[in-house]
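Thank you all for coming; I would like to walk you through one structure this morning, going slowly from its sheets to its cores and then to its pocket. Please have a look at it before I begin.

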Amino acid sequence: CKATFVKAQKFKAITEVSAMSRDGHILCGDNYTFMEINDGKYMMAISDGMGKGKKAYEESSATIDILEKMIDAKIEDEIIIDTINNMLMLKSSDEMFSTLDLGIVDLRRGSLDTIKMGACSTYIKRDNGDIDLISSSSLPVGILSDVNIDRKNSKVNDGDIVIMVSDGIVDSGRNKDLGDNWLIYYLDSIKTTNPKKISNSILDRALELQSEKIEDDMTVLVTKICLK
């Protein structure tokens, strides 16, 4: 008889996504993924390909595809980022580069690791209503041969909600002179804790700020952390 003991997961994660492509393009330049991975962890990611249409879709799709396969193979984060960057660099004649916004939740310890390459800020709406901001000034992957990984760790607990967005969402506030921080104030006004309702509400507000004229692909990925 053989028994294997592992530490029990204290939390579970529930993710919902709302997205819309620019000007009604069939192919969206934003790609995303979310799934449980090894060692009691949960991954969420958004990649935004530069440009629009098919080219942007191919850039972000390649980034997410490699990310999923290498994460599943338990390869270290730094190697994954280097591999994605090198792949896009090899196609530099086509000017292929994309942002990468990666979040990994440790469902045992209740922590969030964020890795950003040219990505927008991540917002954490706490159970008590406070909103934390995780930002970065790093460049997208595929631009420079030397990758400077911007990695941060935050504590998450029961009832916390993690919001990840592409720049189409953040930039929508500029038309109304609201700047990049409009989402912080809007999140403060949202009373529901349902992740699907939150993602839909943010996308609807971004559309409203643009007077229904979509200027960029938009993706909202909302993850709620709950006790298991």
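In what sense do strand 6 and strand 9 pair, and over how many bridges? Please bear in mind, as we look for the answer, that this is a predicted model. Strand 6, which covers residues 122-125, pairs with strand 9 in the antiparallel sense, and four bridges join them. Within that pairing, Lys-125 has Ile-161 of strand 9 standing opposite.

Let me now place these strands in the whole chain, whose secondary structure comes to five helices and 10 strands. Strand 6 and strand 9 belong to an open sheet of five strands, where the order is 1-10-9-6-7 and the pairing is antiparallel. At the edges of this sheet you find strand 1 and strand 7 (131-134), each of which pairs on one side only. If you ignore direction, neighbouring strands here are turned by 20° against each other on average.

Two helices should be looked at together with this sheet. Helix 4 lies across strand 6, strand 7 and strand 9, and runs at about 20° to strand 6. Helix 5 also packs on the sheet, where it touches strand 1, strand 9 and strand 10, and its direction makes about 25° with that of strand 1.

Turning to the other sheet, we again have an open arrangement of five strands with antiparallel pairing, this time in the order 2-3-4-5-8. Its edge strands, strand 2 (30-37) and strand 8 (150-155), each pair on one side only. The average turn between neighbouring strands of this sheet, direction ignored, is 15°. Strand 2 and strand 3 (residues 41-49) run antiparallel and are joined by eight bridges, and Phe-34 is found opposite Met-44 of strand 3. Helix 1, residues 53-72, lies across strand 2, strand 3 and strand 4 (98-106), and it runs at about 160° to strand 3.

What about the interior? In soluble globular proteins, nonpolar side chains tend to be buried together. In this chain of 228 residues, 50% count as buried, and the largest nonpolar core has 22 residues. Among the residues with the most contacts inside that core are Ile-163, Ile-169, Trp-182 and Ile-202. Strand 9, helix 3 (167-170), helix 4 (182-189), helix 5 (195-209) and strand 10 (218-227) each supply at least two of its residues, and helix 5 gives the most, with six. If you follow Trp-182 on the screen, and leave aside residues up to four places away in sequence, you will see that its contacts include Ile-169, Ile-202, Arg-205 and Leu-209. There is also a second, separate core of 20 residues, which includes Leu-88, Ile-115, Met-117 and Val-141.

The largest pocket holds about 300 Å³ of space. It is lined by 21 residues, and those closest to its centre are Ala-119, Cys-120, Ser-121, Asp-167 and Val-170. Strand 3, strand 4 and helix 3 are the elements that give two or more residues to this lining.

I will finish with Lys-7, which sits in the segment before strand 1 (11-20). Is Lys-7 buried or exposed? Lys-7 counts as exposed because its relative accessible area is 52%, and the cut-off for exposed is over 50%. Lys-7 touches Arg-108 and Arg-109, not counting residues up to four places away in sequence. Although Lys-7 and Arg-109 are 102 residues apart along the chain, their C-alpha atoms are separated by 9.8 Å.

Note on methods:
Residues are numbered from 1 along each chain as its sequence is written. This is a predicted model: local features need pLDDT of at least 70, side-chain atom pairs count only at pLDDT 80 or more; totals for chains, interfaces and linings use all residues. Side-chain values use heavy atoms; hydrogens and water are left out. Two strands pair if DSSP finds at least two bridges between them. Axes are lines fitted to C-alpha atoms, for helices over the stretch in contact, and angles run from 0 to 180 degrees between N-to-C directions. Contact means heavy atoms within 4.5 Å. A nonpolar core is a set of buried Ala, Val, Leu, Ile, Met, Phe, Trp, Tyr and Cys residues joined through side-chain atoms within 4.5 Å. Buried means under 20% relative accessible area, exposed over 50%, partly exposed in between (1.4 Å probe, protein chains only). On a 1 Å grid over the protein atoms alone, a cavity is a set of points where a 1.4 Å probe fits but cannot get out, and a pocket is an open set with protein on both sides within 12 Å along at least five of seven lines; lining residues have an atom within 4 Å of a point. Grid points are joined across faces, edges and corners, and a volume is the space filled by probe spheres set on the points.
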